[in-house]
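Subject: A structure for you to look through

Hello,

I am passing on a structure that I have been working through, and I would be glad if you kept it open beside this message while you read. My notes on what was found follow directly after it.

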Amino acid sequence: MASRSPAILNLHKRVEAISGIGSILTRMIPVGVLVLYFIHLQACVLFYFGKVTGFMTWDAQFSHWQLFEGGISASSEAERYIWMLSQSVGNMFQTTFKPETLPEQILTMIFIIIGAFMYAVLVGLISSAAISYDASGRLYRQKIDQLTEYLSWKNVDAETRKKLLGYYEFKYKGKYFEETGIFKDMNESLRRQLASLNCKQLIEKVPFLKRECLDGRDGLYLGKIATALVPIYFVTGDSIIEQGEQATDMFFILTGRVNVLVNDHAVTTISDGGFFGEVALIANIPRTASVKAATNCYCYSLSAKDFYAIIVEFPDVRVRIDKIYEERMAKVRMEQAARLFMGGEKLSGSLRASPTPSVRRTFNE
């Protein structure tokens, strides 16, 4: 009945919400209450059997009552109860009550055995609480110790060592979680739901990734895109993409700031909530700029392969990507024509009529 009480259920939820040790406390508290009840019961039963036998030898046996004027018979109920409680507590850890009569001896042995068992359970729960407290923090410290030992073994220079340790500190922030493993244990629906909560605003900032068809599949599309995002971390000075390399991923910045460079000259800065490298999802062309981390950055990456595997199920998005591709290619042709014109070269008819050699990403790529 108690377990169904709204007050107890509410208390249980509040205790369980305590960071680090809440779940173990919800197991320790009932055992602790049971131990207190057992001590109370033991005190009452021992006192009852002592009273039945007329407290034989109690005044002579226990120094407490030798010093008490009138002995145990003259004491109040409160004094007797508190004294018996102290004896019962002693039976949980060591034998302080000295039984004389046969019933007292039998009861004392039973109480000591039960008390030892309950004490072992309580100690086990306390040990579990100590181990469970800040488990992720303990794993992080083990990870850092392992990394430090490895770097020393490899004789890594101080600057690189500082950068690597800074990377781990930024990535885990004192807590070590296997995010990939956590997501892997969830079903597809939960993965999409959790991923959408983390990445929805980032995705919606990219115009060609938005889908608002109101056909009941917008949430499914968003969830699939969010699930395909891979968390990735960079520390200050890291080169994220290089100008001229083949584009395979685009990036979303959750926190941090990056510098965009063209021919080693900074042209712009992108910060929290921004994105870059989106051309990788549209056309299979080399990077047109380099991007370097100006601060520690927490990003998500989306590969072209995963993106096209998703939009196969969404023809409307695929049509939009085709249109953007054609617009981008027209812009590329205009830029090429301008460069040729500025260089004094005559434009050929084929350049006006035919597109740049196909660099379009295919859906089965």
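**Salt bridges**

A search of the whole structure turns up 8 salt bridges, and please keep in mind from the start that the model is a predicted one. As general background, side chains of opposite charge can pair when their charged atoms come close.

A good pair to begin with is R191 and E188, which form a salt bridge whose closest N and O atoms are 2.7 Å apart. Both residues belong to helix α10, which covers residues 188–204, and because they are 3 residues apart in that helix, about one helical turn separates them. R191 has a relative accessibility of 19% and therefore counts as buried, since the cut-off for that word is under 20%, whereas E188, at 34%, counts as partly exposed.

Another salt bridge joins K224 to E313, with 3.7 Å between the closest N and O atoms. This pair links distant parts of the chain, as K224 sits in helix α11 (residues 218–228) while E313 lies in the loop between α12 (304–311) and α13 (315–342), and the two are 89 residues apart. E313 counts as partly exposed, with a relative accessibility of 36%. Elsewhere, salt bridges that share partners join R211, D215, D218 and D316 into one network.

**R211 and its surroundings**

Where in the chain is R211 found? R211 is in the loop between α10 and α11, and with a relative accessible area of 7% this residue is buried. The salt bridge between D215 and R211 has its closest N and O atoms 2.8 Å apart, and D215, unlike the buried R211, is partly exposed, with a relative accessible area of 39%.

The side chains of R211 and D215 are also joined by a polar contact of 2.8 Å, and a further polar contact, of 2.9 Å, joins the side chains of R211 and D316. If we leave aside the neighbours of R211 within four places in sequence, the residues in contact with R211 are R217, D218, Y221, F314, D316, V317 and R320.

**A residue in helix α13**

D322 lies in helix α13, where this residue is partly exposed, its relative accessible area being 22%. D322 and I282 are 40 residues apart in sequence, and the distance between them in space, taken from C-alpha to C-alpha, is 8.1 Å.

**The second largest pocket**

Rolling a probe the size of a water molecule over the atoms shows where empty space is left. The second largest pocket has a volume of about 410 Å³, and 16 residues line this pocket, of which K171, Y172, F177, E179 and Y233 lie nearest its centre.

Which elements give two or more residues to the lining of the second largest pocket? They are α8 (158–172), α9 (179–184) and β1 (230–234), and the largest share, 4 residues, comes from α9. Sorted by character, the residues of the lining divide into 10 nonpolar, 1 polar and 5 charged.

When you go through the structure yourself, you might start at R211, which takes part in the network with D215, D218 and D316, and then turn to the pocket, with K171 and Y172 among the residues nearest its centre.

Best wishes

Technical notes:
Residues are numbered from 1 along each chain as its sequence is written. This is a predicted model: local features need pLDDT of at least 70, side-chain atom pairs count only at pLDDT 80 or more; totals for chains, interfaces and linings use all residues. Side-chain values use heavy atoms; hydrogens and water are left out. A salt bridge is a side-chain nitrogen of Lys or Arg within 4 Å of a carboxyl oxygen of Asp or Glu. Buried means under 20% relative accessible area, exposed over 50%, partly exposed in between (1.4 Å probe, protein chains only). A polar contact is a pair of N or O atoms within 3.5 Å; within protein, one must be able to donate a hydrogen and the other to accept it, and residues adjacent in sequence count only if both atoms are side-chain atoms. Contact means heavy atoms within 4.5 Å. On a 1 Å grid over the protein atoms alone, a cavity is a set of points where a 1.4 Å probe fits but cannot get out, and a pocket is an open set with protein on both sides within 12 Å along at least five of seven lines; lining residues have an atom within 4 Å of a point. Grid points are joined across faces, edges and corners, and a volume is the space filled by probe spheres set on the points. Ala, Val, Leu, Ile, Met, Phe, Trp, Tyr, Cys and Pro count as nonpolar, Asp, Glu, Lys and Arg as charged, and the others, Gly among them, as polar.
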